[in-house]
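This briefing sets out the strand arrangement, the packing helix, the pocket and some individual residues of the structure shown below. Each topic is treated in turn.

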Amino acid sequence: MTATRHGAVTLREAGPADLGILLDIVHRAYRAEGGWTTEAHLVAGARADADEIREAITDQAHLLLVAERDSAVVGCCYTALHEDGRGAELGLFAVAPDVQGGGIGRALLEEQARRRAAQGLEILDLRVLDSRPELAAWYARCGFADVGRPVPFAGNAADLKVPGLGMRVMVRPLP
């Protein structure tokens, strides 16, 4: 496992021992109150389960990175390779609410982009809930562009608190 320093944050590949803390961070970032990334007002249910995170740790098509600050895991995100081998989808992107806004998310995103570009990938893409313009704007500042292609909600539609809520695809070219 290669670790990279970004200021006060160390980024490394996730391992099996990270499973519990990653479940906690993802839940707090997406389904709890607090933090600017919460979707608690839009979506119920779990954002991720142990099997999804375990797969992201063990499957070679995934690259799951964790961010550590002061030896504590404080964030994560993965990329999953596209079948065509040209790009990867960014997902499971979460930073603990108590440390959001400190550059940890950007460090994770840029490290994913750096590593995937070094592997010869051409693009990163992601999906953002339609009703999260502030999140789409943040991704736009990070080089992503909305491609104008709406897609259905990626999770269980029964968990939507806003019926019919969809997602937008955003893409970032890699150098």
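Strands E6 and E8 run antiparallel and are joined by 7 bridges. The model is predicted, and its strands include an open sheet of 8 with mixed pairing. Helix H3 (residues 104-118) packs on that sheet, and the largest pocket holds about 770 Å³ of space.

**The sheet**

- Within the E6 and E8 pairing, Ile-123 stands opposite Pro-173 of E8.
- Strand E8 is also joined to E7, through 5 bridges in an antiparallel arrangement; here Pro-152 stands opposite Gly-166 of E8.
- The strands of the open sheet follow the order E1-E2-E3-E4-E5-E6-E8-E7.
- Strands E1 (4-6) and E7 (145-152) stand at the edges; each has a single partner strand, so one side of each has no neighbour in the sheet.
- From one strand to the next, the twist averages 30 degrees.
- Strand E2 (residues 9-13) runs antiparallel to strand E3 (residues 62-69), and 5 bridges join the two. Glu-13 has Leu-65 in E3 as its bridge partner.
- In a regular strand, side chains alternate between the two faces of the sheet.

**Helix H3**

- Helix H3 touches E1, E2, E3, E4 (72-81), E5 (87-95), E6 (123-129) and E8 (166-173), and its direction makes about 145 degrees with that of E3.
- The helix has 15 residues and reaches 21 Å from its first C-alpha to its last, close to the 21 Å expected at 1.5 Å a residue.
- The buried residues of H3 are Ile-104, Gly-105, Ala-107, Leu-108, Leu-109, Glu-111, Gln-112, Ala-113, Arg-115 and Arg-116.
- Residues three or four places apart in an α-helix point the same way, because there are 3.6 residues a turn.
- Gly-120, just after H3, takes a positive phi of about 90 degrees.

**The largest pocket**

- The largest pocket encloses about 770 Å³ of space.
- It is lined by 40 residues, of which Tyr-30, Glu-39, Arg-47, Phe-93 and Tyr-139 are the closest to its centre.
- Elements E5, H3, E6 and helix H4 (133-141) each give two or more residues to the lining of this pocket.
- Strand E5 provides the largest share of that lining, with 7 residues.

**Individual residues**

- Gln-112 lies in helix H3. Its relative accessibility is 0%, so Gln-112 counts as buried, the cut-off being under 20%.
- Beyond its neighbours within four places in sequence, Gln-112 is in contact with Leu-63, Leu-65, Cys-77, Tyr-78, Thr-79 and Leu-90. Among these, Leu-65 is also the bridge partner of Glu-13.
- Val-95 is placed in strand E5. With a relative accessibility of 10%, Val-95 likewise counts as buried.
- Apart from neighbours within four places in sequence, the contacts of Val-95 are Ile-25, Ala-29, Val-74, Gly-75, Gln-100, Ile-104, Gly-105 and Leu-108. Ile-104, Gly-105 and Leu-108 are among the buried residues of H3.
- Val-95 and Ala-40 are 55 residues apart in sequence, and their C-alpha atoms lie 15 Å apart in space.
- Gln-60 lies in the loop between helix H2 (50-58) and E3. Its relative accessible area is 71%, so Gln-60 is exposed, for which the cut-off is over 50%.
- Gln-60 and Ala-80 are 20 residues apart in sequence and 8.9 Å apart in space, C-alpha to C-alpha.

Conventions: Residues numbered from 1 in each chain as written. Predicted model: local features only at pLDDT ≥ 70, side-chain atom pairs only at ≥ 80, totals over all residues. Heavy atoms only, no water. Pairing = 2+ DSSP bridges. Helix = DSSP H or I, 4+ residues; strand = E, 2+ residues; numbered from the N terminus. Axes fitted to C-alpha atoms, helices over the stretch in contact; angles between N-to-C directions. Contact = heavy atoms within 4.5 Å. Expected span 1.5 Å × (residues − 1). Buried < 20%, exposed > 50% of the residue type's maximum accessible area, 1.4 Å probe, protein only. 1 Å grid on protein atoms, 1.4 Å probe; cavity = no way out; pocket = protein on both sides within 12 Å on 5 of 7 lines; lining within 4 Å. Points joined across faces, edges and corners; volume = space filled by probe spheres on them.
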